Amino acid sequence: MPHQGQKIVDKFSGDTIEFLETAADTNGERITIKWTLVSKGQTVDDHIHLLQNETFKVTAGRLTCIQNGEIVHVNAGEEIVLPKNTPHNHYNEDDQPAEYIQVIEPAYDLDYFAENLFGMINDGIVKEGKMPFFQAMITGQYLDSKTFLAAIPLKLQQTLAAILGPILRVFGYRALYKKYTDIEK
């Protein structure tokens with residue numbers, strides 16, 4: 001269960017997150033995460049949040065963002081808002097770490113997703129920022145935060161998630177695994 005002050009380290013890259021505020025802390029209004037990206041390049045697939053806006057306040061280094069296919073560099077002391085329903089990504093492409101504060105509004109269950117994602121990365125399920133297709137489909141179907149891959153048409157993905165989700169659950173797939181988050185979804 002994500003909690004204030006919790007730090008999680010990607011054992012492969014050294015990237016870290018620290019929960020400054022969780023959904024429980026803010027009655028679901030937002031989550032706030034401090035990130036330190038040591039790795040270079042994309043660590044997750046380009047994606048779309050259907051219900052949430054994200055604000056990134058860079059505190060050190062430089063964050064690279066992709067917003068609607070356009071690359072934007074955000075330097076220390078600057079911030080960027082990536083609105084809901086906008087295909088995007090964010091990563092470090094420099095030799096120096098990128099540090100930033102990410103605020104996601106409203107929270108839904110994205111703090112649980114972040115905790116779950118780091119668990120899957122550390123167990124080698126998510127590799128080089130690529131979530132396995134079946135895992136992405138069950139995540140899209142059962143998470144309240146409704147995050148989808150940007151590379152697949154949204155309606156097709158929602159249809160596939162609705163069809164595959166219940167089948168994948170029979171085979172043990174979950175959007176959130178109790179092993180990583182203390183809850184299962």
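**Exercise 1.** What covers the buried residues of α2?

*Solution.* The model examined here is predicted. Begin with the helix itself: α2 spans residues 133-142, and its buried residues are Gln135, Ala136, Met137, Ile138, Thr139 and Gly140. Next, consider what lies over them: the cover includes α1, β11 (147-149) and α3 (154-170).

**Exercise 2.** Determine in which order the six strands of the open sheet are arranged, and which strands form its edges.

*Solution.* The order is β1-β2-β3-β10-β5-β8, with antiparallel pairing. The edge strands are β1 (7-9) and β8 (79-82), each of which pairs on one side only. From one strand to the next, the twist averages 20°.

Helix α1, made of residues 110-122, packs on this sheet. The strands that α1 touches are β1, β2 (16-21), β3 (31-37) and β10 (98-105), and the direction of α1 makes about 160° with that of β2.

**Exercise 3.** Describe the pairing of β10 and β5 with their neighbours, and state how far β10 is enclosed.

*Solution.* First, take β3 and β10: they run antiparallel and are joined by seven bridges. Within this pair, Leu37 has Ala98 of β10 as its bridge partner.

Second, take β5 and β10: seven bridges join these antiparallel strands as well. Here Ala60 is matched with Glu99 in β10.

Third, follow β5 (residues 53-60) to β8, with which it pairs in the antiparallel sense over four bridges. The bridge partner of Thr55 in β8 is Val81.

Finally, consider burial. A residue counts as buried under 20% relative accessible area. Six of the eight residues of β10 are buried, so this strand is largely enclosed by the rest of the structure.

**Exercise 4.** Where is the cis peptide bond, and which loop holds its proline?

*Solution.* The cis bond joins Glu105 and Pro106, with omega of about -15°. Pro106 belongs to the loop between β10 and α1. Such a bond merits notice because most peptide bonds are trans.

**Exercise 5.** For Asn85 and Lys146, establish the value of phi, the location and the exposure.

*Solution.* Most residues other than glycine have a negative phi. Asn85, however, has a positive phi, near 65°. Asn85 is situated in the loop between β8 and β9 (88-91), and is partly exposed, with a relative accessible area of 48%.

Lys146 likewise has a positive phi, near 50°. The loop between α2 and β11 contains Lys146. With a relative accessible area of 24%, Lys146 is partly exposed.

Technical notes
Residues numbered from 1 in each chain as written. Predicted model: local features only at pLDDT ≥ 70, side-chain atom pairs only at ≥ 80, totals over all residues. Heavy atoms only, no water. Pairing = 2+ DSSP bridges. Helix = DSSP H or I, 4+ residues; strand = E, 2+ residues; numbered from the N terminus. Axes fitted to C-alpha atoms, helices over the stretch in contact; angles between N-to-C directions. Contact = heavy atoms within 4.5 Å. Buried < 20%, exposed > 50% of the residue type's maximum accessible area, 1.4 Å probe, protein only.
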